[in-house]
Amino acid sequence: RAPQAVVDLDSLRHKMLFLGLSDAQLQRVASVVRTHTYRQGEAVVRTGQIDDTLYVIERGAVELRVPEEGRERVVSVFEKGSYVDEGYAGDFFGEFSLVGLEAWSGSVRARERTVLLELKRDDLYELFSRDVDLQIGVILNIARVLSRRLRLRNRQA
């Protein structure tokens, strides 16, 4: 892996996952974030993989694909975007890795050259143990996005 790039606090401040966090809290998050660049078509996670990472899109887009009849079908696209857009499902994925150790039921691939911010579960738990307000803020933001995703899915059904 390439060395970690310094993460801009303004960039974090505008991510759905970190909305409402203080500058001090964002600084603590920035201290554990790793950046990774993926080429178009490159796998971020593969079907069956057990992963302990929460991913936030800094630049680009990824697609979640699920196996179907010997092929893969795209079921979701995650990209950098505006959290005020009612049709937008979020700029992070892998949130279930924070609560469970289940294998991925699909794969995630970069749609274009994509930069992801990666947060390991143990690093986040360490931050949470030191700052309960940071923990509550992040968990509430995850819940808000999951709620929005569920509403969008119900509307499509």
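**Exercise 1. The nonpolar cores**

Task: In this predicted model, find which residues have the most contacts inside the largest nonpolar core, and which elements supply it.

Solution. Start with the core itself: the largest one has 24 residues. Those with the most contacts inside it are Leu12, Leu17, Phe18, Val29, Phe92, Leu119 and Val138. Next, look at where the core residues come from. Helix 2, strand 3 (53-59), strand 8, helix 3 (121-130) and helix 4 (132-156) each supply at least two of them. Helix 4 gives the most, with four residues. Now zoom in on Phe92. Not counting residues up to four places away in sequence, Phe92 touches Met16, Leu17, Leu54, Tyr55, Val56, Phe78, Asn141, Ile142, Val145 and Arg149. Finally, there is a second, separate core of 13 residues, which includes Val45, Leu64, Trp104 and Val108. As background, nonpolar side chains in soluble globular proteins tend to be buried together.

**Exercise 2. The chain as a whole**

Task: How many helices and strands are there in the chain, and in what pattern do they follow along the sequence?

Solution. Count first: the chain has four helices and eight strands. Then read along the sequence, where the pattern is α-α-β-β-β-β-β-β-β-β-α-α. Burial comes next: of the 157 residues, 45% are buried. Last, consider contacts with a separation of 6 or more: 76% of them join residues 24 or more positions apart.

**Exercise 3. One face of helix 2**

Task: Which residues of helix 2 (residues 23-30) are buried, and why do they line one face of the helix?

Solution. List the buried residues: they are Gln25, Leu26, Val29 and Ala30. Now look down the axis of helix 2: these buried residues fall within an arc of 140°, so they line one face. The general geometry helps here, because an α-helix has 3.6 residues a turn and residues three or four places apart point the same way.

**Exercise 4. An open sheet**

Task: In what order do the four strands of the open sheet stand, and which strands are at its edges?

Solution. The order is 2-7-4-5, and the pairing is antiparallel. Strand 2 (43-45) and strand 5 stand at the edges; each has a single partner strand, so one side of each is left without a neighbour in the sheet. On average, neighbouring strands of this sheet are turned by 35° against each other, direction ignored.

Now follow the partners of strand 7:

- Strand 4 pairs with strand 7 over four bridges, in the antiparallel sense.
- Val62 stands opposite Ala110 of strand 7, while the bridge partner of Arg65 is Ser107.
- Strand 2 and strand 7 pair over two bridges, again antiparallel, and Ala43 stands opposite Arg109.

As a last step, check the directions of the side chains. Ser107 and Arg109 point one way from strand 7, Val108 and Ala110 point the other way, and all are buried. In a regular strand the side chains alternate between the two faces of the sheet.

**Exercise 5. Arg113 and Thr114**

Task: Decide for Arg113 and for Thr114 in turn: buried or exposed?

Solution. Begin with location. Arg113 is in the loop between strand 7 (107-110) and strand 8 (114-120), while Thr114 belongs to strand 8. Exposed means a relative accessible area over 50%; Arg113 has 56%, so Arg113 is exposed. Buried means under 20%; Thr114 has 0%, so Thr114 is buried.

Then compare the contacts, leaving aside neighbours within four places in sequence. Arg113 is in contact with Thr37, Tyr38, Gln40, Arg59 and Gly60. Thr114 is in contact with His36, Thr37, Tyr38, Arg59, Gly60, Ala61 and Val62. Arg113 and Thr37 are 76 residues apart along the chain, yet their C-alpha atoms are separated by 7.1 Å. As for Thr114, a polar atom of its side chain lies 2.8 Å from the backbone oxygen of Glu112.

**Exercise 6. A positive phi**

Task: Where is Glu69 found, and what is notable about its phi?

Solution. Glu69 is in the loop between strand 4 (61-68) and strand 5 (71-79). With 78% relative accessibility, Glu69 counts as exposed. Most residues other than glycine have a negative phi. Glu69 is not a glycine, although its phi is positive, at about 50°.

Key:
Residues are numbered from 1 along each chain as its sequence is written. This is a predicted model: local features need pLDDT of at least 70, side-chain atom pairs count only at pLDDT 80 or more; totals for chains, interfaces and linings use all residues. Side-chain values use heavy atoms; hydrogens and water are left out. Buried means under 20% relative accessible area, exposed over 50%, partly exposed in between (1.4 Å probe, protein chains only). Contact means heavy atoms within 4.5 Å. The arc is that of the directions from the helix axis to the C-beta atoms. Two strands pair if DSSP finds at least two bridges between them. Axes are lines fitted to C-alpha atoms, for helices over the stretch in contact, and angles run from 0 to 180 degrees between N-to-C directions. A nonpolar core is a set of buried Ala, Val, Leu, Ile, Met, Phe, Trp, Tyr and Cys residues joined through side-chain atoms within 4.5 Å. A polar contact is a pair of N or O atoms within 3.5 Å; within protein, one must be able to donate a hydrogen and the other to accept it, and residues adjacent in sequence count only if both atoms are side-chain atoms.
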